[in-house]
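Subject: Structure for you to look at

Hello,

Here is the structure I said I would pass on. Please open it beside this message and find each place as it is named.

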Amino acid sequence: MRELDYVRASDVEEAVALVSGDPDARYLGGGTNLVDHLKLGIARPARLVDVGRLGLDGVEEQDGPDGRVLHVGANVRNSDLAAHPVVRSAFPVLSRALLSGASGQLRHQASTGGNLLQRTRCVYFQDVTTPCNKREPGSGCSAVGGYGRQDAVLGASEHCVATHPSDMAVAMAALDAVVVVRGRQGERRVPVRELHRLPGDRPDLDTTLEHGDLVTGVELPFTDAARCSTYLKVRDRASYAFALVSVAAALELDGDVVRDVRIAWGGVAHKPWRATAAEEALTGRAVDEDAVRAAVDAELAAARTTDQTAYKLPMLRGATTRTLLRLAGKDPS
Amino acid sequence: MSTRTSTTPVTPRSMGTRLDRVDGPEKVTGRATYAVESAAHDTGDPLHVWLVQSTVAKGEVERLDPAAALAHPGVVAVLDHTSAMRLADTDDGELAILQDPRVHFRGQVVALVLAETSEAAREGAALVEVSYREEPHEAELREDNATYRPETVNPAMDTDTEDGDVDAALAGAAVLVEQTYRTPHEHNNPMEPHATVARWAQDGTSGEVLDLVDSTQGVHGVAQTVGPVLGLEATQVRVRAPYVGGGFGSKGQPHAHVVAAALAAHAVRPRPVRLAVTRQQMFALTGYRTATISHVRLGADADGRLVGLEHRVQEQTSAVKEFAEQTASPSRMMYAAPARRTSHRLAVLDVAVPSWMRAPGEMPGMFAGEVAMDELALACGLDPVELRLRNEPDLDPETGKPFDVRRLPDCLRRGAERFGWADRPREPRSRRVGDWWVGTGVAAATYPAMKMPGNEARVTALGGGRYGVAIGCVDIGTGARTVLTQIAADALGVDPGAVDLEVADTRLPSASVAGGSSGTSSWGSTVVAAAQRFREEHGPDPAAGAEVTASAAKSPAETETANHSFGAVFCEARVNRWTGEVRVPRLLGVYSVGRVLNPVTARSQLVGGLVMGLSAALFEESWRDPRTGHVVTQDLASYHVAAHADVLDVDAEWLEESDEAFTPMGSRGIGEIGIVGTAAAVANATHHATGVRVRELPLTPDRFLS
Amino acid sequence: MGEGVRRAASGYGVRMDTTIELTVDGHRRQLTVDTRTTLLDALRERLAVTSPKKGCDHGQCGSCTVLLDGRRHLTCLALAVAFDGSEVVTAEGLAADDALHHVQEAFLEHDGYQCGYCTPGQVCSAVGVLDEAKQGHPSHVTEDLEADVELTDDEIRERMSGNLCRCGAYPGILAAVKEAAGA
């Protein structure tokens, strides 16, 4: 860990100015990812700007440009967000996704903004003694041809096969959440589906944010589908483990027929993967096992697997089917 | 000199009853002080040592530039092979660090950074620039590796055995199971990472020269091993291990970091140093269970009676030091096959040094053997419990000696009764509850009863009816402090509260390692010998200061009978029909282990073994990248051990018995048997649940998806 | 120092030292830390408060858990300088003089430990779990997110899963937390 200058910012403007103006500066939020990276040598900033006490701690219902939203401050802790009564009733998929992540201790520490921006847990990214294009552009991808059980099956490139580790972000992708960002040019709103990017030839860039952009909050639009939503995480251990795959789903039925369905997958790509082809295939149809499997297969037509990741396709089929049948009130067994 | 004393059986009074851990309050408050913490509480102002590890699997350090590290504030020194103290004995390739530029495996220690703070030490290590002349390496265990036949396998067993005409027996068998079973690299991962605090005396001419506080399973073993490496007599090295946060074999022998701490401390003597191995570094430097490949052939007659058995093992060792896991050893004595063949072959790889991990040999070997028995039961159309009962030997097949106690059938029957085995459907994949396929499985367990040489204990009358009992053994969490207090109390005929037990210091009488499930048998017998001798010499009302040091004579059982513990493990497994996830709602072990000396600590030992076996069954795998020789799953997020949510109804019980032929306490040892057979029981249960036979650990969800 | 050992010319002097104040187990402590010092290392190496343990140093085991401003918190993934003014309670601080906390008593009663290394973290985590349940926080295994929390066995197991125990003392830990929850 390089020697560090530590500054506690007193307001958002100051924070943005401090980091924007200094390429070696980084924001410090809950610290659960950044402090890990400091010790591992993955991040070597010269200055940390602590954004933990900027007052971005509220969860409030607001009128947004496209209707009513729940605004979540970037500094709201994962545990508090999961336990918030409105989240539990109106956005159960988010509550469930948060509760399936990390541990009780870590959820008290991790912030909403930080969770969105956490970086891959690919074992090669985590180990500075191995080549990794994400950590050190141009050095090569050790995961290709190496340990690949966690690797992406959708949207990967020859330069990077890493997956995004967040559960929360997968739920937010399904909810069409909007991220509120403050940068040097002022405030802007970025749909969460456009926040994260695919690796292409720049796997070092996880998101579309610029250096110095600060996530100040997230807006969750209230919808009928969001009320009928859930999250299924598949992992080796029953708890305290990253997803092999995960499914965030929200469903609104019109009688037996799907009026609105949102499906997002975790553990399959460099970003939370919104399964739009599957959604299209299901819309207007009744939810049954065959229909869901066909919809998943439509989405997976573009999947690319290795011996180590081939299991993710049947796992996604199974997990998605089970989740949607449950949401549709059909006993899947 | 102590006297070798024959013992007589001890009348149990405290033994066999509950006594809460004598160190409990220290542990639940965190006041218990583990190795590296002694530095925080001493006033010695220690320097922090950080290890620099090789990033190639084989070759030589070409250039090591410490300039950037030395320029970092707080860094005091950098040691490498050009500057570290010369070792007196470099025969042990694992311990002979910083003596030459050779690199034998990825992660080997190539330099040490000493600094005033841990932050500076860590950054200093990152700033040491090392370049290598790299050589081609081989780091992957495959079936086509070139192999050799080691002289013996751990600890000193025959490499190969052959009895009867195995090929003819198998050729003539009515039923034949022929399969290959694999277990992966596994890392012990005790919760307390290895750590050493070291200090050299300024004047090293006589007496104790080097002081170590080490996280070890045996203080005397550390002194005896590390002393000569450093050119010291064992008596010149003092080692203490007041509290040890688990070991599971990985702290059974000193690893390179102990030498590293001594070398670092020598460079700055008499200033102490503290070296805490990081979790990641443990994956290269503190031992692991080698991956194994077991080729098993079981031949039976139409009634399921074994006629022939073959267990051929291929595994790996490291180029720098041999370790040969005795994987086929349980197949030599487990069942009554008239013709039996076992063998071990090693591939020499450019990898870190494998070592002991809880039940070396038995754990991987019984996974192979007990899954094969499950396959044989199906092939014979027999219940797997019945198959095992039909293959009970009268005498130990390996030695021809009678068993001291062999109650495997009792364990199987009792377990079957308590588990509700009789209700089990015969056909696999016959029960589904909601999202889950449900099945049950069984496996047998065994572990040899062992006593180690080299133990002495001292009993001192303290006056007022109190007694001091001293033996240099280590309590790594087993409950040894508590149980030895009970043994001493009963052997002296006093209450446990009248015993002041001292352990974990080389200044105390010599003790063997806490390993091989031998601790309580070895140390307990020794304490009994000293106590009985003490009473003989000093009577019931000794003068304060009266003292006896003694060691125990061998018991007749040690030479006349085959001494093993046995058990039966029953498992219910559920496999998710959508996702392949495996959960284990019930796991029960029933054991024959001699007298249980403390039901509370014993249950924790046995349940702990079952949990570690469950963990190995479902999760554990250290993935070594063959391209680099590097274990890339080198932390607790990528190397999964069982978390609390994975451990549902896990319980152990034991048969009432007493083995006074083996020890005067009647006990046989319990530390390891809980892990043996457990992974096989889980694998057999998942097969029963799904019809999918998995012959390779761990049983991750992908194996149940197609 | 031996011949040839390469030594630093600069000597000791960490540029980024800073002074902070923590309340640790009821005592106000001023201390100097490097800006890189974690809360865990500040406690263990600077204040000789070694009740919180270092099991992995990367948020993957829970051994370093303390109660930070009343909530369970890992100290390894926290920079001390960011917690200036905070209140830390370790397992040692939960015990008052000679009297153990009732959670600690329950751990003794049910042998919810063996080697003891993860134990202070387990104890602090258990205290946090009981408090979170009282506040109605749901967990991953809570069936109905809007119902009151009942600390069933599965709830306790899930909520305690951030604290690994390699000795496998989980059944004893479960029994201990269950008893403490009923107390």
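Below are some notes on parts of three chains. Please keep in mind that the model is predicted.

Chain C as a whole

Chain C contains six helices and six strands. Following the sequence from start to end, the order of these elements is β-β-β-α-β-β-β-α-α-α-α-α. The C-alpha trace of chain C measures about 65 × 35 × 35 Å along its principal axes. Chain C has 183 residues, and 64% of them count as buried. Its accessible surface is about 6,400 Å², and carbon and sulfur atoms supply 43% of that.

Two other values describe chain C. Taking the contacts in chain C with a separation of 6 or more, 51% are between residues 24 or more positions apart. As for charge, chain C carries 17 positive and 29 negative charges, and the mean positions of the two sets lie 11 Å apart.

Where chain C meets chain A

How many residues of chain C are in contact with chain A? There are 43, and they touch 43 residues of chain A. Between them, chain C and chain A bury about 3,400 Å², with 52% of this area coming from carbon and sulfur atoms. On the chain C side, R36(C), L77(C) and L145(C) lose the most area to chain A, and together they make up 20% of what that side buries.

Two residues with contacts across these chains can be looked at one by one. S100(A) sits in the loop that links helix 5 (92-99) to helix 6 (104-109) of chain A. Is S100(A) buried or exposed? Its relative accessibility is 2%, so S100(A) counts as buried. Residues up to four places away in sequence aside, S100(A) touches D167(A), Y231(A), K233(A) and R235(A), as well as H140(C) from chain C.

The second is T65(C), in the loop between helix 1 (39-46) and strand 4 (66-68) of chain C. T65(C) has 1% relative accessibility and therefore counts as buried. Apart from neighbours within four places in sequence, the contacts of T65(C) include Q105(A) from chain A. Within chain C, T65(C) is in contact with R72(C), H73(C), L74(C), P120(C), G121(C), C124(C), S125(C) and N163(C). T65(C) can also be paired with P52(C): they are 13 residues apart in sequence, and their C-alpha atoms are 6.4 Å apart in space.

Positive phi angles in chain C

The loop between helix 1 and strand 4 of chain C also holds D57(C). Phi of D57(C) is near 70 degrees, which is a positive value in a residue other than glycine. D57(C) counts as buried because its relative accessibility is 8%.

D111(C) is another residue other than glycine with a positive phi, here near 50 degrees. Look for D111(C) in the loop between helix 3 (102-109) and helix 4 (119-134) of chain C. With 4% relative accessibility, D111(C) counts as buried.

Two helices in chain B

Helix 7 of chain B runs over residues 256-267, which makes 12 residues. From its first C-alpha to its last, helix 7 reaches 17 Å, close to the 16 Å expected at 1.5 Å a residue. Helix 7 is mostly covered, with 12 of its 12 residues buried. Among them are A256(B), H257(B), V258(B) and V259(B).

Helix 16 of chain B covers residues 678-690 and has 13 residues. The distance from its first C-alpha to its last is 18 Å, close to the 18 Å expected at 1.5 Å a residue. Why is helix 16 of chain B described as largely enclosed by the rest of the structure? The reason is that 13 of its 13 residues are buried. Just after helix 16, G691(B) has a positive phi of about 80 degrees.

Cis peptide bonds in chain B

The segment after helix 16 of chain B contains P698(B). The peptide bond from L697(B) to P698(B) is cis, and its omega is near -5 degrees. Another cis peptide bond joins N154(B) to P155(B), with omega at about -5 degrees. P155(B) is in the loop between strand 8 (152-153) and strand 9 (157-158) of chain B.

Regards

Terms used
Residues are numbered from 1 along each chain as its sequence is written. Chains are lettered from A and ligands numbered from 1 in the order in which they are written. This is a predicted model: local features need pLDDT of at least 70, side-chain atom pairs count only at pLDDT 80 or more; totals for chains, interfaces and linings use all residues. Side-chain values use heavy atoms; hydrogens and water are left out. Helices (H or I, at least four residues) and strands (E, at least two) are DSSP runs, numbered from the N terminus. The expected span of a helix is 1.5 Å times one less than its number of residues. Buried means under 20% relative accessible area, exposed over 50%, partly exposed in between (1.4 Å probe, protein chains only). Contact means heavy atoms within 4.5 Å. Accessible areas come from the Shrake-Rupley method with a 1.4 Å probe; for residues, only the protein chains shown count as cover. Lys and Arg count as positive and Asp and Glu as negative; His and the chain ends are not counted. The place of a charge is taken as NZ of Lys, CZ of Arg, CG of Asp or CD of Glu. Buried area is the accessible area (1.4 Å probe) that two parts lose on being put together, summed over both.
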